[in-house]
Amino acid sequence: MSKTDLDALAARLLHHRGPTLQPGDSVVPEIVSTAVFHLPGNPSNAAFQYGRYHNPTWEALEDPLAILEDAEVLTFPSGMAAVAAVLVTCSTAGGRILLPADGYFAVRALSEQFLKPFGVTIDTRPTAAFLDGGFEGYQLVLAETPSNPGLDVCDIAAVAKGAKAAGAVFAVDNTTMTPLGQRPLDLGADVVVCSDTKAVNGHSDTLLGHVATRNGALMARFKEWRKYSGTIPGAFEAWLVFRGLETLEVRFARMCATAAVLAERLAGHKRVAAVRYPGLRTDPAHAVAARQMAAFGSMLSLTFGDGAAAERFIDGCPLIQPSTSFGGVRTSAERRIRWGDAVPEGYVRLSVGIEPVETLWRAMAEALEKLG
Ligand SMILES: *Cc1c(COP(=O)(O)O)cnc(C)c1O
């Protein structure tokens, strides 16, 4: 999708409710917190029946997300609840699924602990070599690109082609890029999952996730799963994410632009052993990233000589919030090895926030100098 078309989506997102409003309606959606709805007689006569089936505030959030994804969207109470919906509905006993070896660890943990005992075989493959071996025999292929935390990429269109030929459902976890930075459905994926806890909400004040697809049969399954598993978002959380989503375009543009500047400067810095950022021309992910991403993202990684230097950098920079997660307004960082990811001791995942770039850079440069 061209920059003009992406901009048009971002503008439409802000004004989509306009044509539906009556004089006196609130411009912003209401928080409807209720378990039950007025329901005399035949329940099919009512648009809303029970709080586990549907809720006006979820729908108020699903509408603009659907505009952004150009697909039907279903929200979940967290990114993992969205991933779980896809894993459970797209795998069966005796089937095989393929996951990234270097993607978000909870996806592998969930599959190993809860799908495998039901007879699903779990295979994993590194994102950078995701095409190797093809996709024959898989029910479900789930890719994550750029992968979290390694920032490797795979060619979405090529995986889509292979997965389709093999008859597999192809899902992409698009959390690191958001629909404004990368559009897996346009590249041939069947399903997108996204943790809106990250950049979509952007304020680090709630968890939420969504699934998007243009395949009606898959969406019907996801809806049944949500209805009967009860993995439903809260009305207030949906409302918070609606509000966060309204500023996604400006936040994400600022964060990506700042990340690009920082990546260049950090890559040339004597205290930093290695930098990964798909936007760097020298990065192994750059060629594929430049082809399939509309932006290069707000996350980069730095490797220091050892864990102690990494910790001193994080703690020594007043504009870095030591915390997990990413995509928030505050720049944050952490050593991923503390969660068991297969990365070096000195590997730091840096999530770039919306601080003005030169102020942020000065604070980082000072923290680097203090490393001695
Ligand atoms: C954070 C994350 C998830 C899980 O999202 P939650 O909202 O924390 O449940 C899934 N995939 C990726 C790539 C993530 O970064």
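F105 first. In this predicted model, F105 is partly exposed, with a relative accessible area of 30%. Its ring pairs with the ring of Y104. The centres are 5.3 Å apart and the planes make an angle of 50°, so the pair is tilted, since that class runs between stacked, under 30 degrees, and edge-to-face, over 60. Y104 is partly exposed too, at 25% relative accessibility.

Now a second pair, F304 with F313. This one is also tilted, with 5.1 Å between centres and 35° between planes. Buried or exposed, these two? Both F304 and F313 are buried. In total, the model has 6 aromatic pairs.

Back to Y104, for its other partner. K198 sits over the face of the Y104 ring, 5.2 Å from the ring centre. So Y104 has F105 as a ring partner and a lysine over its face, given the 6 Å limit on that distance. There is another case of a lysine over a tyrosine. K227 lies over the face of Y53, at 4.7 Å from the centre of the ring.

Next, two loop residues. Start with N55. Where is it? N55 is in the loop that runs between helix 1, residues 3–15, and helix 2, residues 56–69. It is buried, because its relative accessibility is 4% and the cut-off is 20%. What does N55 touch, once neighbours within four places in sequence are left aside? The contacts are V32, F48 and A235.

Then E246. This residue lies in the loop between helix 8, 235–245, and helix 9, 248–267. At 33% relative accessibility, E246 is partly exposed. Which residues does E246 touch, beyond those up to four places away in sequence? They are L13 and L14. Look at L14 in particular. E246 and L14 are 232 residues apart along the chain, yet their C-alpha atoms are separated by 6.3 Å. And helix 1 spans 3–15, so the contacts of E246 with L13 and L14 fall within the range of that helix, a helix here being a DSSP run.

On to the backbone. Two cis peptide bonds to show. The bond joining T145 and P146 is cis, with omega about -5°. The bond from N148 to P149 is cis as well, with omega near 15°. Where are the prolines? P146 is in the loop between strand 4, 140–144, and helix 5, 156–166. P149 is in the loop between strand 4 and helix 5 too.

Two residues other than glycine have a positive phi worth showing. T178 has phi near 65°. T178 belongs to helix 6, residues 178–181, and is buried, with a relative accessible area of 1%. S204 has phi near 55°. S204 sits in the loop between strand 6, 191–195, and strand 7, 209–213. Buried or exposed? S204 is exposed, because its relative accessible area is 55% and the cut-off is 50%.

Last, the cavities. Rolling a probe the size of a water molecule over the atoms shows where empty space is left. How many cavities of 30 Å³ or more are there? The count is 2. The largest has a volume of about 60 Å³. Its lining is P146, L151, T176, M177, P278, F296, G297, S298 and M299. By type, that is 6 nonpolar, 3 polar and no charged residues. Note P146 in that list. This proline is also the one in the cis bond with T145.

Terms used:
Residues numbered from 1 in each chain as written. Predicted model: local features only at pLDDT ≥ 70, side-chain atom pairs only at ≥ 80, totals over all residues. Heavy atoms only, no water. Phe/Tyr/Trp six-rings, centres within 6.5 Å; stacked < 30°, edge-to-face > 60°. Buried < 20%, exposed > 50% of the residue type's maximum accessible area, 1.4 Å probe, protein only. Lys NZ or Arg CZ within 6 Å of the ring centre and 35° of its normal. Helix = DSSP H or I, 4+ residues; strand = E, 2+ residues; numbered from the N terminus. Contact = heavy atoms within 4.5 Å. 1 Å grid on protein atoms, 1.4 Å probe; cavity = no way out; pocket = protein on both sides within 12 Å on 5 of 7 lines; lining within 4 Å. Points joined across faces, edges and corners; volume = space filled by probe spheres on them. Nonpolar A, V, L, I, M, F, W, Y, C, P; charged D, E, K, R; others polar.
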